[in-house]
Amino acid sequence: MAKIKTEQQYKAACARIEELLKVVNNDTPIDDPNYWELDLISDFVADYEEEHFPVESPSLVDVIKLRMYEMGLTQNKLSELLNVSPSRVSEYLSGKCEPTLKVAREISRKLNIDANIVLGV
């Protein structure tokens with residue numbers, strides 16, 4: 001087997017992984033045939049999933065909302081933190097407008113969001 005090519009092969013590989021997980025654990029030696037098989041099939045499944053089920057980068061709006069939740073911030077508190085009006089924060093969160101470079105820098109710094117995400121890079 002060089003590559004998983006069909007959904008049927010993918011499902012069979014996932015089923016085999018489930019079987020192998022019952023016999024392979026952290027104490028299994030790396031030269032054990034089951035360990036090797038699990039490692040190999042897992043790589044094939046990961047490659048198939050990357051190709052057929054790609055995970056997209058989150059949008060800035062999604063990341064800001066997540067960070068607001070994590071930090072317990074309301075839109076009003078976020079507007080105070082960023083020193084912008086609540087209506088401007090609402091526009092950012094609805095996607096109606098994007099933050100200026102100055103505000104983007106503040107979002108990155110004060111919410112600890114990677115600058116590449118804030119800048120859409």
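This report looks at the salt bridges and one buried threonine in a predicted model.

Let's begin with the charged pairs. The structure holds 8 salt bridges, and three of them are set out here.

| Pair | Closest N to O distance |
|---|---|
| Lys-3 and Glu-51 | 3.6 Å |
| Glu-70 and Arg-67 | 2.5 Å |
| Lys-110 and Glu-106 | 3.0 Å |

The pair of Lys-3 and Glu-51 bridges separate parts of the chain: Lys-3 sits in the segment before α1 and Glu-51 in helix α2, so their salt bridge ties together parts that are 48 residues apart in sequence. Lys-3 itself is partly exposed, with 46% relative accessible area.

The pair of Glu-70 and Arg-67 stays within helix α3 (residues 60-71), where the two are 3 residues apart, about one turn of the helix. Glu-70 is partly exposed at 47%, and Arg-67 is partly exposed at 21%.

Helix α6 (residues 101-111) holds both Lys-110 and Glu-106, 4 residues apart and again about one turn of the helix. Here Lys-110 is partly exposed at 30%, whereas Glu-106 is buried at 16% relative accessible area.

Salt bridges also link Arg-16, Glu-19 and Glu-37 in a network.

Now to the threonine. Thr-28 is found in the loop between α1 (7-21) and α2 (33-52). Its relative accessibility is 12%, so Thr-28 counts as buried, the cut-off being under 20%. The Thr-28 side chain reaches the backbone nitrogen of Asn-25 at 2.8 Å. Neighbours within four places in sequence aside, Thr-28 is in contact with Val-23 and Tyr-35.

Technical notes:
Residues are numbered from 1 along each chain as its sequence is written. This is a predicted model: local features need pLDDT of at least 70, side-chain atom pairs count only at pLDDT 80 or more; totals for chains, interfaces and linings use all residues. Side-chain values use heavy atoms; hydrogens and water are left out. Buried means under 20% relative accessible area, exposed over 50%, partly exposed in between (1.4 Å probe, protein chains only). A polar contact is a pair of N or O atoms within 3.5 Å; within protein, one must be able to donate a hydrogen and the other to accept it, and residues adjacent in sequence count only if both atoms are side-chain atoms. Contact means heavy atoms within 4.5 Å. A salt bridge is a side-chain nitrogen of Lys or Arg within 4 Å of a carboxyl oxygen of Asp or Glu.
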